[in-house]
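Dear colleague,

I am passing on the structure we spoke about, and below it I have written out what was found, so that you can follow the description with the model open beside you.

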Amino acid sequence: MSEKVLAIAAGHEITEGELNNLIQNYPPEQQIYMSDPRAREQVLEQLIAFHLFAKMAKEEGIMESEEYKTMIEKMKIELASHMAATQTVEGVTVTEEEEKSFYEANKAQFVQGAQVSAKHILVDQEEKANDVAREIAEGKSFEDAAREHSTCPSKERGGDLGFFSRGQMVPEFEKAAFDGELHTVIGPVKTQFGYHLILVEDKKEGGETPFHQAQPQIHQQLIQGKQREAYDKKIAELTEKYGVEKK
């Protein structure tokens with residue numbers, strides 16, 4: 001079954017597969033928004049422009065110009081250098097035994113303080129905060145109230161701030177959140193930013209992070225360290241072999 005053709009630009013059929021392949025090259029946080037038809041339309045416009053300019057380049061002989069050929073040669077060298085550097089570090093591995101040894105030797109790094117997960121609504125007047133609190137008491141969800149009334153950008157997430165530790169929030173807000181009861185609207189709490197209503201959703205006691213939770217972080221840290229060592233060692237070898245003279 002042939003793929004759906006979305007557009008024809010300079011004789012080239014742009015298929016849904018080509019569009020999807022381009023979108024897959026976007027960072028994950030951007031791909032989330034590509035379910036929006038308007039966002040996909042923008043990417044399609046980029047593809048159309050690409051093929052139009054490619055046709056123009058061919059007709060005007062740009063690929064035959066000396067400037068183009070010089071740039072291609074430069075790109076070939078850059079790509080080869082990148083591939084050689086990647087080859088130097090890609091074989092680096094870390095064993096679980098090494099990870100456990102690092103964990104035991106550096107346990108102080110894996111002690112986590114108490115955390116709170118909370119949502120909040122920020123308004124500029126205490127009276128307004130009290131009015132919003134009444135709406136919630138009468139049945140409006142905290143999230144809907146946040147989207148309607150809050151002046152904080154977190155309103156788009158229903159006021160959700162996620163988990164935070166001591167020292168990450170202003171003192172008045174922090175004290176109210178850490179001391180407050182779960183699933184109970186707290187406030188108004190006055191801070192330098194205005195008046196907050198706070199809904200504490202979860203609390204985590206502080207303590208030592210277990211190895212299985214710390215392992216991904218340890219693995220990444222050790223891999224990066226070993227890759228840097230391999231890279232530096234190879235640079236030293238190549239310097240000895242080919243020579244380097246700084247002016």
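**What covers helix H8, and the sheet around it**

The buried residues of helix H8 are covered by a set of elements that includes strands S4, S5, S6 and S7. Please keep in mind throughout that this is a predicted model. Helix H8 spans residues 171-179, and its buried residues are Phe173, Glu174, Ala176, Ala177 and Phe178.

The four strands just named form an open sheet with the order S5-S4-S7-S6, in which the pairing is antiparallel. Strand S5 (160-165) and strand S6 (185-191) stand at the edges with a single partner strand each, and therefore one side of each has no neighbour in the sheet. From one strand to the next, the twist averages 40 degrees.

Going through the pairs in that order, strand S4, which covers residues 115-123, is joined to S5 by 4 bridges, the two strands running antiparallel; within this pair, Ser117 has Phe163 of S5 as its bridge partner. On S7, S4 pairs over 9 bridges, again in the antiparallel sense, and here the bridge partner of Ala118 is Val200 in S7. Strands S6 and S7 also run antiparallel and are joined by 5 bridges, with Lys190 standing opposite Tyr195 in S7. The connection between S6 and S7 is a hairpin, made through 2 residues.

**Helices H6 and H7**

Helix H6, residues 126-137, lies across S4, S6 and strand S7 (194-204), and its direction runs at about 45 degrees to S7. Helix H7, residues 142-149, packs on the sheet as well, where it touches S4, S6 and S7, and its direction makes about 45 degrees with that of S4.

These helices also pack on each other: the angle between H6 and H7 is about 145 degrees, their axes are 9 Å apart, and the crossing is right-handed. On the side of H6 the contact is made by Lys128, Val132, Glu135 and Ile136, and on the side of H7 by Phe142, Ala145 and His149. Sorted by character, the residues of this contact comprise 4 nonpolar, 1 polar and 2 charged.

**The loop between H7 and S5**

Two residues of this loop are described here, and the question I would put to you for each is whether the residue is buried or exposed.

Is Ser154, in the loop between H7 and S5, buried or exposed? Its relative accessibility is 2%, and because residues under 20% are taken as buried, Ser154 counts as buried. Leaving aside residues up to four places away in sequence, Ser154 touches His120, Gly159, Asp160 and Leu161. With one of these, His120, Ser154 makes a polar contact of 3.4 Å between side chains.

Is Thr151, which has its place in the loop between H7 and S5, buried or exposed? Its relative accessibility is 55%, and because exposed is taken to mean over 50%, Thr151 counts as exposed. Thr151 and Leu122 are 29 residues apart in sequence, while in space they lie 5.6 Å apart from C-alpha to C-alpha.

If you wish to begin with one part, I suggest the sheet order S5-S4-S7-S6, followed by helices H6 and H7, whose contacts with S4, S6 and S7 are described above.

With best regards

Definitions and conventions
Residues numbered from 1 in each chain as written. Predicted model: local features only at pLDDT ≥ 70, side-chain atom pairs only at ≥ 80, totals over all residues. Heavy atoms only, no water. Pairing = 2+ DSSP bridges. Axes fitted to C-alpha atoms, helices over the stretch in contact; angles between N-to-C directions. Contact = heavy atoms within 4.5 Å. Buried < 20%, exposed > 50% of the residue type's maximum accessible area, 1.4 Å probe, protein only. Polar contact = N/O pair within 3.5 Å; in protein donor to acceptor, adjacent residues only side chain to side chain. Left-handed = near helix turned anticlockwise from the far one by under 90°. Nonpolar A, V, L, I, M, F, W, Y, C, P; charged D, E, K, R; others polar.
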